Every structure is written in C-alpha cells, then in structure tokens.
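Thanks for taking a look at this one with me. Here are a few notes to help you find your way around.

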Amino acid sequence: MSLILHPDGCQRCWWPGTDPLYVAYHDTEWGVPEHDDRALYEKLILDGFQAGLSWITILRRRDGFRRAFAGFEPEAIARFGPAQVEALMQDTGIIRNRAKIEATIRSARAWLAIQERGPGFSAFLWDFVDGRPLQTTAATRAEIPTESEVSRRMSKALKAEGFGFCGPTIVYAFMQAVGMLNDHLVGCCRHEPCAALPGPGGLGVRP
C-alpha cells in the first residue's frame with residue numbers, strides 16, 4: 001500500500017499510518033522548505049538519532065530532545081563537556097546513545113564553523129539543490145529510493161565539516177523532511193501544496 005485514504009477524504013503517503021501525531025507531522029512539516037539555520041541543525045541531529053529506529057519514536061521524544069539539548073541552540077551545545085554527556089546518558093526523555101550524543105556536540109561545533117565563515121548553514125545545504133526544492137513524481141513507495149547522488153554529495157561534505165551520523169541514507173531522509181526534495185507521492189494530498197510552496201516552476205528531476 002502506497003497511499004492511505006483517511007476519514008477526512010484525503011489520500012496520504014503510507015508512512016504516517018493513522019497515528020494523529022504522525023499525520024500532523026506529515027501534513028504540516030514534512031516536505032515544507034526549511035531555511036532556518038538552527039532548525040536545519042535540529043532536524044539533521046534528530047535524523048541522526050533516528051538511525052536504526054522509526055521516526056515516530058523520535059517524534060514522540062522531540063520535546064525531550066529539545067529540553068535536553070538546550071533548544072538545539074548550537075552555541076550552547078558546542079560547550080557541552082563530559083558532565084553534560086553523562087547527564088544526557090541518564091536522561092530517559094531522549095535516545096541514550098553515547099556515540100550519537102557526542103556526535104551532536106561535534107556537529108554543533110561544525111555548525112558554528114560554517115556560520116562563522118558565512119553565508120550560513122542553510123545556504124551551505126541548499127546550495128546542493130541550487131537553492132530550489134527538487135520535485136519528484138513517485139506514485140508508489142517502491143519508486144522512492146533510500147539515497148541519491150545529491151544525498152551522497154551532501155553527506156560527504158557534512159562529514160568533511162565534522163558532522164556525525166550523516167550518511168547518505170540519513171541525509172536523504174533529512175532532505176525529504178526539510179523540503180529540499182518533495183517526495184510526497186503523486187496522489188498524496190500534500191504533493192501539490194508542497195510543490196507550490198517555492199513558487200512557480202515545473203517539475204524537476206529526481207536527484
């Protein structure tokens with residue numbers, strides 16, 4: 001099954017199922033172009049924490065993550081030391097994975113370095129798609145890949161900057177989520193609205 005018909009009459013992508021929290025995320029966030037530097041850092045980190053888990057697991061803990069990681073303010077996280085790492089390892093409101101926690105701190109420092117040399121993290125990322133969301137035309141879940149040439153290039157660049165847990169598959173999911181790539185299925189009630197968000201322009205090609 002690729003599309004699910006919901007009681008409100010809308011057909012949606014299969015992956016949120018009928019969970020109200022997941023459906024709200026699908027309808028209001030996933031695929032909407034994000035340009036805020038801090039918000040992009042947060043989403044990349046959360047996608048890294050998702051590795052090996054389902055996104056709904058992370059989504060249900062997002063408030064806990066925001067509390068534990070100082071609202072995902074990179075300036076604050078970059079100053080975390082061993083004491084904060086140990087405290088986070090005891091925090092039941094997040095996924096307690098030492099490697100991912102330590103990578104979050106390193107990634108905050110990498111984010112700061114990008115910000116300091118300008119023009120910022122958003123510009124750094126969006127440059128991979130020439131500043132414009134890529135539009136795709138998948139009609140079934142089988143047509144959606146787990147990574148792409150663009151996600152591989154972005155992953156390599158992020159790793160070179162010092163980011164962790166940003167392999168091509170994680171980066172592809174990140175691109176979908178932050179609207180660099182409109183991967184709502186054709187037929188999903190969010191496909192056309194998301195395609196219209198950047199402004200005029202025809203459908204592009206899958207990266």
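The points below go through helices, single residues and the backbone.

1. A word on the source: this is a predicted model, in which local features need pLDDT of at least 70, side-chain atom pairs count only at pLDDT 80 or more, and totals for chains, interfaces and linings use all residues. Residues are numbered from 1 along each chain as its sequence is written, and side-chain values use heavy atoms, leaving out hydrogens and water.

2. Start with helix 2 (residues 37-50) and helix 7 (residues 98-117), whose axes come within 11 Å and cross at roughly 155°. The pair is therefore roughly antiparallel (an angle over 145 degrees). Axes here are lines fitted to C-alpha atoms, for helices over the stretch in contact, with angles running from 0 to 180 degrees between N-to-C directions. Helices (H or I, at least four residues) and strands (E, at least two) are DSSP runs, numbered from the N terminus.

3. Which residues of helix 2 and helix 7 make the contact? Helix 2 brings Asp 37, Arg 38, Tyr 41, Ile 45, Gly 48, Phe 49 and Gln 50, while helix 7 brings Lys 100, Ile 101, Thr 104, Ser 107, Ala 108, Trp 111 and Gln 115. Contact means heavy atoms within 4.5 Å.

4. Next, try helix 1 (residues 20-28), where Tyr 22, Val 23, Tyr 25 and His 26 are buried. They lie on the same side of helix 1, because they cover an arc of only 160° around the axis; the arc is that of the directions from the axis to the C-beta atoms. These buried residues pack against strand 2 (11-13), helix 2, helix 3 (55-59) and helix 10 (168-177). The face turned away from the buried side carries the exposed residues Pro 20 and Thr 28. Buried means under 20% relative accessible area, exposed over 50%, and partly exposed in between (1.4 Å probe, protein chains only).

5. Is His 191, in helix 11 (residues 191-196), buried or exposed? His 191 is buried, at 7% relative accessible area. Beyond its neighbours within four places in sequence, His 191 contacts Thr 136, Asn 182, His 184, Leu 185 and Val 186.

6. Finally, look at the backbone in three loops. Between helix 7 and helix 8 (121-126) sits Pro 119, joined to Gly 118 by a cis peptide bond with omega about 5°. Phe 72, between helix 4 (62-68) and helix 5 (74-77), has a positive phi near 55° and is buried at 0% relative accessibility. Phe 165 has a positive phi of about 50°, but at 33% relative accessibility counts as partly exposed.

Conventions. Angles under 35 degrees count as roughly parallel, over 145 as roughly antiparallel, 65 to 115 as roughly perpendicular and the rest as oblique.
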